Structures are given as structure tokens and as C-alpha cells.
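Q: I have a new structure to look through. Can you walk me through it?

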Amino acid sequence: MSTQTHPTSTATDAGRTATPAVEVVDLVKRYPKATVNAVDGVSFAVAPGEVFGLLGPNGAGKTTTIGVLTTRVRKTSGRASVTGIDVTADPVGARSVIGVVPQRPNLDRSLDAKGNLVWHAAYHGVPRARRGPLADELLERMGLSDKASTNPDQLSGGQAQRLIIARGLMHDPRVLFLDEPSTGLDPQARLFVHDRVAELAASGVTIVLTTHDMDEAAKLSDRVGIVDHGELLKLDTPANLVAGLSGSATVDLDVTGLDPEQLRGRLGVVRGVAGAEVLATPDEGPSRLRVRVEGEAGAALPGLLEEVTTAGGRVSDVGLGEPTLEDVFIDLTGRGLR
Amino acid sequence: MTRSAAEPERAVMTAVTETEPFRRVSPRRAFLGVLGRDVAVTGKELGSFISQVLVQPFFLLFVFGKVLSELGYIAPGYAQLLLPGLLALNAFLVAVQAVALPLVIDFSYTKEIEDRLLAPLSTRMVAVEKIVFGAIRGLIGSLVMIPVGYLVLDEVSWNLAGLPLSALLLVLGALAGGASGLVIGTSVSPRRINIVFAVVITPLLFTGSTQFPFLQIGSLRWFQVICALNPITYVAEGLRGVLTPQIPHLPTWLCIAALVFACVLFGAIGIRGFVRRALD
């Protein structure tokens, strides 16, 4: 990517040490006619070159936060800046340093795949002679060289997503925002997108992504902010977030014949148990509970099974695992990620 | 963070910007990029665009200017009156449609315009681009009527000294059309756009003094008042004034003033509507 390199990297590095790539301070957004704040006092800073993930269920305020940072949503109060540029005071300046991959595909269907890239570059004032070669190079990197003259309508979901990422990179942004980058993609396309994001991060682009997928957040992000109901609940590296939980293993139990909340209380006081949550209570079939235990999961299992049996319930399935970001979310909010 | 602490950061940012001149894109370049896209897309479908804008006025011209006058139902010389009216009509209506319909679809379904809203250009200027682009299509739609008129009609004689002023009137009419298209495109829901087009476009078509001279419908006072509210009236009357001055017409200065007023009024409402739709 020689053409994407800044000619004066020393000056850039000097700027980087002084200015966060993204900074949000006490950000509040309330939509007209809404009764609650969509974003309710969120603060965080992203260092240059960092991959920052916002993890939370749908409607948590992730997309609105990204919307403010990408100049498409007007904040109610607080401050938001990218590379030191206040997005409200200077939206035009902010737009020139950000790339945006939206949640919903919005490719220009009056243009072919390469046309989408070339014209995007034109909007951003990339010199005419550089647009074509740069577009070819990015199509190649995204595995779309043979799709250059294809209409976006004819692309698969994964191909369209890669083209949108390529488009976001055409003007060499400092910060790339990816809103739910792999939602709706099949597992293979998802992996390909993950690899491209990791590659970009390695090349020094700052990345802010939102997801409701804990695996994606843990895999891609240097740090993860957990959001719910417009608030940032916790912010740390994925490893630290998980390490902060009490308990070192998890046991999932599918149970029938008992009130799950009551059982949760009983299991919570079994020896070696650090915490218990109800994951699911379907109208029919067994309820699922997750128990976090100290030490090995297998060692705690007999005690848990015995407790269920004593209470008069029946265990139909057992799953053993390690705590993940989802457990962090459950621990913080008392419910699972949708 | 306090204000004084924020200052040095801006200074660093400025320093970085200065060493990387391609970072700050001039708004003019971004504007031309966005306009270039629209023009290029029109260029790709030029054939279908031209046929789209020609069919209706061609038949109006053929039936009223040729068939009926040949049969003797319409006085000779009517074509002389009709052609400037049709130029005016196309300049305005083609511009309205070029802006309104794509915007309704863009904002409601495809969101294709989002990438342009993220260009380093103020949102207002993206709206202005839409007006300018609509006006370009309106002008093309109007100009292609001239050769058609010469081909279909037997006698067309224009005062050629009036061409520069005609150009100005057509540009103003097309801009007013683009601005009106922006108002419709940002205020109408996609479910309603068909009905709005039906109840807005057809009356515009027949109240724009395109098929009759405005001053001679004084006996139908109420109709004259309605026509006075239609911007097309001022394009058509203005064109008659400079191209075919023997036909009674409104004074040119009044036509230009009315069109400038329409551009400013609809432009202001349309740009406001656009910004409201573009930003949450």
C-alpha cells in the first residue's frame, strides 16, 4: 500500500502522541419525541492505531454514537472529535479524515463496483490520476478484482461489504468506522471481513467498530466498551474484562421441572459457585442457566447436579466452558446479548 | 477538558494538516466531484433521458402546433406562441423530476446518497448540488426542444438578439425547477410521491402560460391569478418577450425578478428540508 502511506510520517507520529484518534466526552443524544436518551453520557478515547470495539445489544446506542462521530447525527450535548477535529464545529474537516462502513449497504447502484470507488475518491478530492490505480489496488486487496465492472446489485452480501470497506479506504482515512461489519454475512464471508479488518489494523489505521457479537468484539478489538441503554458500562481489553469476572469456568445447565429464578438462588450458594444467571426461559422446553464456578468446571459439576435433583428438577443437557465477554455482559446487565 | 488545554491540540493538528496538503480538500473540488457523478450517470443513460424528456412536449407540439393548425382549428402563428412555452415547460419540469424522485427514493430506501453526504462538503452544498444538477437536466431537456420545434413546425421565426436573455431566463427557470424538486423530494414520503406528482405536475403543465399568453386571459381573472403563482409563467412570458416580442407578454424585468424570487424561496425551503433529512 505505498500510495496509502503518508508522505510525512514523522509529522503524523508527532501529532498522534498528542491527539487521540477519537475522543468522546459526556456525549448525550436524545432524538426528538424520544422519552429516553439514545446515548446517555458516554465518554471514551481511542488511541491512534487502536482497534476499539463497542459491544452491546441492538438499540444500546452504538450506532447513534458512531452516527455522531461520523457527522450524520447531531449530538444533544457533550463533545465528540476525530483526530482532534470537533465533529460539530467542523464536520467538513472531520469527514475528510474518516472512512465509514455503515450498517446497511448503501452502494451507488447507478455505478459499477469500480465506479463506486473512483467516484468516492472524486468526492474526496483524490487527484484524478490516482483514483483508478488506487481503486484497482483496493479491489485486489478485497478479493474483488474480477468484480470491477459488476453492478452492486449483483454482488453477494460479503462482496458488497468488502466493496464498502474498500470505498471507505479510498481517501486514505485516519479513522475507519465499521458499524456491525459482519452482520448478515455467512461464516466464510465473515472470516474474510475479519481478516481484512485485522490487516488494516496492522497497517496503522485506527478502527472503531460496533457489534453485538462477543466473539467478533473479542477477536478484533484491542479494547472493548460494553454499552447498554445508552451508557458505557465498562471499558477494558477483552482479556481484562473476562479476568475481572469472579469464577474461572462456566457450567450451562438445561433444566426442566423447576422455577428457574428459584433454582438460580439455590445454585448460587452451592460451594465453589461464584455466580449464576438465567440465560433463557422458553415457553416450552428446558430453561437454561449459566453458573460461574471457581476452579475446574468438572469438579463443580456433581454438586450442581445434586442440587438440581434435590430440588426436584431434571437436567437434560450440560455444557462446560470458559467465561467470555458475553458473561461480562450478563454480569453487568443481568441478561444475555440478543 | 478545558478550552486552554484544547488549543495546543488544534495547533498540532494544523501542523499535520499543513504538511499533508491533500488532507484538506477544497469544497469546490468536492462539489465538482459530487456534480461530476450525477452528470456522468446522466451521460451513461443519455438516450433514455432524451427520449423521456422529448415525448410529451413533442406530441403537444405536433398536435397543437401542426395537426390542429393544418385542420384550421387553430389560427396560423399559434406555433410561434407555443414553442417558447414548451421550452419553458421543459426547463422547469424536467428539473423538478430530476431532483424530486431520486431524492425520495434515496432518503427512504436505498440510502445511496449517504456516501455523498460524507464527502468533505457542507450538507447545504450537497443540496445546492442537487439543484444545480436538476437545472442542468432541465436545460438539456429545454434545448433539445429547439431542433424538434424547427423540424415539426413550419414557421418559427425568433428575434435572435433575444438569445442571451433567453438563456438567462432558461437558467433561472431550470434552477427554480431544481429548487422546487428539492422541496418535493425532501418533504414527500415515497408512498405519496405518485399522487403528489399527479396532482402537482399536471396543473403546473397547464397553468404555466405555456399554451396561451398570460396577458390575454384577463377575462378569466381567477385563472390568471393561478397562473401568476406558477413559476413557469415567468419563463414562458419572458421567453416570448425576448424571442417573439410581437405577442403580448409580461415585462422581462418582472419575469427575471419573479424567477429570482422563486429560486430563493424554494431554494431556502428545499435546502432546509434536505439538511433535516440528511442529519438526525
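A: Let's start with confidence. pLDDT is the predictor's confidence in each residue, from 0 to 100. This is a predicted model, and in chain B the confidence is lowest in helix α1 (residues 3-19) of chain B, at a mean of 38. Helix α12 (residues 252-278) of chain B is where confidence is highest, at 95.

Q: What does chain B average in pLDDT?
A: The average is 86, and 92% of the residues of chain B score at least 70.

Q: Over which residues of chain B does pLDDT stay under 50?
A: Over residues 1-22 of chain B. For that stretch the model has 25 contacts beyond four places in sequence.

Q: And scores for the model?
A: The ipTM is 0.82 and the pTM is 0.83.

Q: How many helices and strands does chain B have?
A: Chain B has 12 helices and 0 strands. Its C-alpha trace spans about 85 × 45 × 40 Å along the principal axes.

Q: How much of chain B is buried?
A: Of its 280 residues, 44% count as buried.

Q: What about contacts in chain B between residues at least 6 apart in sequence?
A: 83% of those join residues at least 24 apart.

Q: Pick one helix for me.
A: Take helix α2 (residues 27-44) of chain B. It has 18 residues and reaches 26 Å from its first C-alpha to its last. That is close to the 26 Å expected at 1.5 Å a residue.

Q: Which residues of α2(B) are buried?
A: Ala30(B), Gly33(B), Val34(B), Arg37(B) and Asp38(B). They cover an arc of only 125° around the axis, so they sit on the same side of α2(B).

Q: Why would residues a few places apart point the same way?
A: An α-helix has 3.6 residues a turn, so residues three or four places apart point the same way.

Q: Which residues are exposed on the other side of α2(B)?
A: Arg28(B) and Gly43(B) are exposed there.

Q: What do the buried residues of α2(B) pack against?
A: They pack against α4 (113-123) of chain A, together with α5 (114-117) and α6 (123-143) of chain B.

Q: Over to chain A. Any sheets?
A: One is an open sheet of 4 strands, in the order β12-β13-β11-β14 (chain A), with antiparallel pairing. β12 (273-280) and β14 (314-321) of chain A stand at the edges. Each has a single partner strand, so one side of each is left without a neighbour in the sheet. The twist averages 20° from one strand to the next.

Q: How many bridges pair β12(A) with β13 of chain A?
A: The two strands pair over 6 bridges, in the antiparallel sense. Strand β13(A) covers residues 287-293.

Q: Which residue stands opposite Glu277(A)?
A: Arg290(A), in β13(A).

Q: Which helix lies across β11, β12, β13 and β14 of chain A?
A: Helix α11 (residues 297-311) of chain A. Helix α11(A) runs at about 25° to β11(A).

Q: What else is there?
A: An open sheet of 6 strands has mixed pairing, in the order β6-β7-β8-β3-β9-β10 (chain A). Its edge strands are β6 (98-101) and β10 of chain A, and each pairs on one side only. Neighbouring strands are turned by 15° against each other on average, direction ignored.

Q: Do β6(A) and β7 of chain A run parallel or antiparallel?
A: Parallel, with 4 bridges joining β6(A) to strand β7 (residues 175-179) of chain A. Ile98(A) has Val175(A) in β7(A) as its bridge partner. Helix α6 (residues 157-169) of chain A packs on the sheet and touches β6 and β7 of chain A. The direction of α6(A) makes about 170° with that of β6(A).

Q: Which strands does helix α7 of chain A lie across?
A: Helix α7 (residues 187-202) lies across β3 (51-55), β7 and β8 (206-211) of chain A. Its angle to β8(A) is about 150°.

Q: Anything odd in the backbone?
A: Most residues other than glycine have a negative phi. Thr71(A) is not a glycine, yet its phi is positive, about 70°. Its place is in the loop between α2 (62-69) and β4 (77-82) of chain A.

Q: Is Thr71(A) buried or exposed?
A: Buried, with 24 other C-beta atoms within 10 Å.

Q: And what is the phi of His229(A)?
A: Near 50°, again a positive value in a residue other than glycine. His229(A) is in the loop between β9 (223-228) and β10 (231-236) of chain A. His229(A) counts as partly exposed, with 16 C-beta neighbours inside 10 Å.

Conventions:
Residues are numbered from 1 along each chain as its sequence is written. Chains are lettered from A and ligands numbered from 1 in the order in which they are written. This is a predicted model: local features need pLDDT of at least 70, side-chain atom pairs count only at pLDDT 80 or more; totals for chains, interfaces and linings use all residues. A residue is buried if 20 or more other C-beta atoms lie within 10 Å of its own, exposed if 12 or fewer, and partly exposed in between; C-beta atoms are placed from the backbone. Two residues are in contact if their C-beta atoms, placed from the backbone, lie within 7 Å. Two strands pair if DSSP finds at least two bridges between them. Axes are lines fitted to C-alpha atoms, for helices over the stretch in contact, and angles run from 0 to 180 degrees between N-to-C directions. The expected span of a helix is 1.5 Å times one less than its number of residues. The arc is that of the directions from the helix axis to the C-beta atoms.
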